[in-house]
Amino acid sequence: MNHRPLGRSGLSIAPLVFGGNVFGWTADEAMSHRLLDAFVDGGFNAVDTADVYSAWVPGHTGGESESVIGRWLKARGRRDDVLVLTKVAMWPAQPGLSATNIVSAVEGSLKRLQTDHIDLYQAHQDDAETPMDETLEAFDRLIKAGKARAIGASNFTPGRLGQALKVSADKGLARYETIQPKFNLYDRGEVEGALDAVTTREEIGVIPYYGLAAGFLTGKYRTPADLEGKARGRTVARDYLNPKGLKILAALDEAAKAVSASQAQVALAWIMAHPSVTAPIASATSVEQLTELMGAARLVLPAEVIAKLNAAETA
Ligand SMILES: NC(=O)c1ccc[n+]([C@@H]2O[C@H](COP(=O)([O-])OP(=O)(O)OC[C@H]3O[C@@H](n4cnc5c(N)ncnc54)[C@H](OP(=O)(O)O)[C@@H]3O)[C@@H](O)[C@H]2O)c1
């Protein structure tokens with residue numbers, strides 16, 4: 001499988017990243033380990049998580065997803081077969097991007113992940129309260145100490161990403177090699193335009209999240225009744241099940257038929273075809289779902305199919 005460079009970090013990843021927010025939430029430990037096995041056996045190598053996952057689940061505190069990955073790494077002894085991507089800043093127990101928080105948060109993540117290094121350590125969100133040079137100096141020290149191989153940002157505006165890159169260049173510090181924005185057929189605004197310009201000019205890896213719009217782009221939610229009792233029901237109802245979403249689904253149905261693939265595969269292949277994108281992040285809660293998603297990496301969408309999908313929301 002063709003690997004793609006993660007910015008200028010020297011690391012490279014297969015064209016789909018597994019989203020680890022399901023581990024310990026909608027996938028129990030045994031299923032999570034089966035999913036990780038199937039993903040790596042399928043030739044993929046990058047797993048995304050965060051210290052805060054899955055603090056939103058009643059009875060959870062955060063740290064659960066990293067711990068599930070850590071026990072899998074230990075049980076399988078496959079540390080060198082995977083790139084572990086985790087994040088700091090959004091966990092109420094370890095908030096923000098101050099040097100003090102980064103220095104202590106990384107130790108917690110390393111312990112839960114049962115490893116001595118994180119391949120890509122990401123700022124989960126911007127922190128306007130902390131000077132950027134303080135954050136980047138702290139990350140730079142982690143790289144020099146071998147605790148992180150590269151750093152990335154998530155949910156930064158193009159302007160703030162550009163500023164951070166300038167601080168790194170001016171001070172000779174490690175720079176954010178990746179950005180993790182929200183991007184899918186429904187949510188295009190964060191990436192298309194100003195962010196694309198920065199990431200292309202600066203050779204930043206783009207690993208967007210919500211590739212399936214929380215499952216909406218699989219086509220399985222079409223009416224409010226489809227959402228009842230579903231873990232993602234509230235998100236899908238709030239953000240996607242609306243006239244714009246239904247127009248996009250109609251175009252997705254047509255595209256899926258035209259290329260003899262599933263809606264989920266077309267949704268991910270459309271992201272993979274976006275010129276600035278390195279690899280989308282998506283999650284799955286069963287091996288069947290994951291097998292379908294991995295198939296997207298073999299799907300090349302014809303230009304006319306991409307054009308129709310691009311025009312879907314205004315159709
Ligand atoms: N940086 C950030 O701020 C941020 C924010 C959100 C997410 N993320 C990252 O991005 C990853 C992906 O986001 P996400 O997991 O929330 O959303 P997603 O990838 O858009 O949606 C995945 C969900 O869709 C369903 N699904 C997947 N494949 C399917 C198939 N073939 N058929 C039917 N249903 C299928 C599964 O949920 P069900 O089986 O439960 O329906 C799965 O958990 C996260 O795991 C996380 O790593 C980052």
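A pocket, on a 1 Å grid over the protein atoms alone, is an open set of points where a 1.4 Å probe fits, with protein on both sides within 12 Å along at least five of seven lines; a lining residue has an atom within 4 Å of a point. A molecule sits in a pocket if more than half of its atoms lie within 2 Å of the grid points of that pocket. By that rule, the ligand here sits in the largest pocket.

Before I go on, the basis. This is a predicted model, where local features need pLDDT of at least 70 and side-chain atom pairs count only at pLDDT 80 or more, while totals for chains, interfaces and linings use all residues. Residues are numbered from 1 along each chain as its sequence is written, and side-chain values use heavy atoms, with hydrogens and water left out.

Now the pocket. Its volume, meaning the space filled by probe spheres set on grid points joined across faces, edges and corners, is about 1,100 Å³. It is lined by 41 residues, and Asn21, Trp25, Tyr210, Ala214 and Arg232 are the closest to its centre. I use helices (H or I, at least four residues) and strands (E, at least two) as DSSP runs, numbered from the N terminus. Helix α8, residues 233-239, gives the most to the lining, with four residues.

Next, the ligand. The shell around it holds 29 residues, each with a heavy atom within 4 Å; Asp48, Lys220, Arg232, Ser283 and Thr285 are the closest. Counting Ala, Val, Leu, Ile, Met, Phe, Trp, Tyr, Cys and Pro as nonpolar, Asp, Glu, Lys and Arg as charged, and the others, Gly among them, as polar, the shell divides into eleven nonpolar, 13 polar and five charged residues.

Which polar contacts, pairs of N or O atoms within 3.5 Å, can I point to? A ligand oxygen is 3.4 Å from a backbone N or O atom of Gly20. A ligand nitrogen is 3.4 Å from a side-chain N or O atom of Tyr53. A ligand oxygen is also 3.4 Å from a side-chain N or O atom of His124. The ligand alone has 900 Å² of accessible area (Shrake-Rupley, 1.4 Å probe), of which the protein covers 91%. Two elements give two or more residues to the shell, β12 (281-282) and α11 (287-295); α11 gives the most, with three.

Last, the backbone. Tyr53 is joined to Ser54 by a cis peptide bond, omega about 0°. Ser54 is in the loop between β4 (46-48) and α2 (64-76). Ala89 is not a glycine, yet has a positive phi of about 125°; its loop runs between β5 (83-88) and β6 (90-91).

Notes:
Polar contact = N/O pair within 3.5 Å; in protein donor to acceptor, adjacent residues only side chain to side chain.
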